[in-house]
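Dear colleague,

I am passing on the structure below, together with some notes on helix packing and internal space. Please read the notes with the structure open beside them.

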Amino acid sequence: MVKSIVCIVLAQFSLAALLPLSMCYRTHECTTASLSPWFYENSCPKAQAIVQFFVAKAYSIDPRMAASLLRLHFHDCFVNGCDASVLLDSSGTIESEKRSTSNQDSARGFEVIDEIKSALENECPETVSCADILALVARDSVVICDGPTWEVYLGRRDAREASLSGSMENIPSPDSTLQTIVNMFNLQGLDLTDLVALLGSHTIGNSRCLNFRQRLYNHSGNNDPDQTLNQNYASMLQQGCPISGEDQNLFNLDYVTPTKFDNYYFKNLVDFRGLLNSDEILFTQSSESMELVKLYAENEEAFFEQFAKSIVKMGNISPLTGTDGEIRRICRRVNHDV
C-alpha cells in the first residue's frame, strides 16, 4: 500500500520538479564560485532523484514531515552556516544541537535524512554531503506541498563539530521580539524582506500549545489575552490549549490550508489569526514588515518568487567548501567516529 502511494506521489512530484525552467524561480544572481546546481552532475547524477523519492515516501506516510525537513535546513544554516551540524548526535567532545531549546522535542526528520544518506552512499559513496541533502530536502518538501521550486546550489561540505550554544542563541523563539528576530537574521546576512518571506514557511507545519499559551491567557502579565489575536480564533485555540497542561498538543501554524504551501499564512496575519506571537508581530509592530505581509497576502506569486530567492540566499550562509570539513558517511556522526 505504502509503495503504491509513494509511486503516485513521486510521479506527481516529479512533474512539478521538471517544470520548464521558465516556470521556476531562477536565482542565478545567488551563485557563488564554490556552489553550483550541477555540482553532482558527473559524480552522482542520480542524487537529486534519490532525494526526491525519499521525500515523497516520507510525505506519503506523514504529511507533517515536509515542514519538519524544511525546518531542519533553517536550524542548520542559522548556526555556523549550512554545514549539517544540526544532524550530529552528542559524542566525545560534540554537544548536539538537538539538545537546544529550539530543537529538543521538536526537531524531527532525522531518520528520513539517515535513509536518504544510506541510499546515496550505496549509489555514490562519500560524495554527497549531509549539508547538501538538507538543502535539497528543503526544496523538495516545499514543492511536494504545491509551493515554488528553485535551483539548489550544491557543493557544501559537512562540519566536524556542532554548536549547542549557537543553537541556543541564534534561532528565534516564538516569543522573540521583532527587533531580536531582525537582528538574528541580519547577523546571517538576511534583511527584512528575507525575514518576512522565509517566515512564510509557517504556511505549513505545527506548533505546540506551550509555544503560544501565554498569548491566550496572560500576554501582558495581567491575565489578559493578546489583543492582537482574533478573539474567535483565540477561543478556538483555548479548547485544545488550556491554561495549564496539554503542553504538547499540536496546532496548525496555518489553520486554513495547513498542508499546502501557499500565502494563507500572510492572509491569516492580516486577519490577526497568526498562531505565534513571533508571526503576528510582522503585521503589528513594523510598518515596513506590515507592507510586505499585505503584499504577500494579496499576491502569492510575489511571495513565491521572494521565498525562492531568500532561501537560496540563506542556503549560501558560510558553506564549507573545497577541503574544509568532510563528506560524512553517516550524517549523525563525524567520520572518525564511524
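In this predicted model, the contact between α2 and α4 brings Ala47, Ile50, Val51, Phe54, Lys57 and Ala58 of α2 against Val112, Glu115, Ile116, Ala119, Leu120 and Glu123 of α4. By class, the residues of this contact comprise nine nonpolar and three charged ones, with no polar residue among them. The axes of α2 (residues 47–61) and α4 (residues 110–123) come within 10 Å and cross at roughly 150°; since angles over 145 degrees are counted that way, α2 is therefore roughly antiparallel to α4. The crossing of these two helices, α2 and α4, is right-handed.

A second packing involves α7 (residues 178–187) and α8 (residues 192–199), whose axes lie 9 Å apart at an angle of about 105°, so that α7 and α8 are roughly perpendicular to each other. Here Ile181, Val182 and Phe185 of α7 meet Leu192, Leu195 and Leu198 of α8, and the contact consists of six nonpolar residues, with no polar and no charged ones.

As for internal space, the structure holds one cavity of 30 Å³ or more, and the volume of the largest cavity is about 70 Å³. The largest cavity is lined by His73, Ala135, Ala138, Trp150, Glu151, Val152, Tyr153, Arg156, Ile311, Val312 and Gly315. The elements giving two or more residues to this lining are α5 (130–144) and α14 (300–315), and α14 provides the largest share, three residues. Sorted by class, the lining of the largest cavity has seven nonpolar, two polar and two charged residues.

With best regards

How values were computed:
Residues numbered from 1 in each chain as written. Predicted model: local features only at pLDDT ≥ 70, side-chain atom pairs only at ≥ 80, totals over all residues. Heavy atoms only, no water. Axes fitted to C-alpha atoms, helices over the stretch in contact; angles between N-to-C directions. Helix = DSSP H or I, 4+ residues; strand = E, 2+ residues; numbered from the N terminus. Parallel < 35°, antiparallel > 145°, perpendicular 65-115°, else oblique. Left-handed = near helix turned anticlockwise from the far one by under 90°. Contact = heavy atoms within 4.5 Å. Nonpolar A, V, L, I, M, F, W, Y, C, P; charged D, E, K, R; others polar. 1 Å grid on protein atoms, 1.4 Å probe; cavity = no way out; pocket = protein on both sides within 12 Å on 5 of 7 lines; lining within 4 Å. Points joined across faces, edges and corners; volume = space filled by probe spheres on them.
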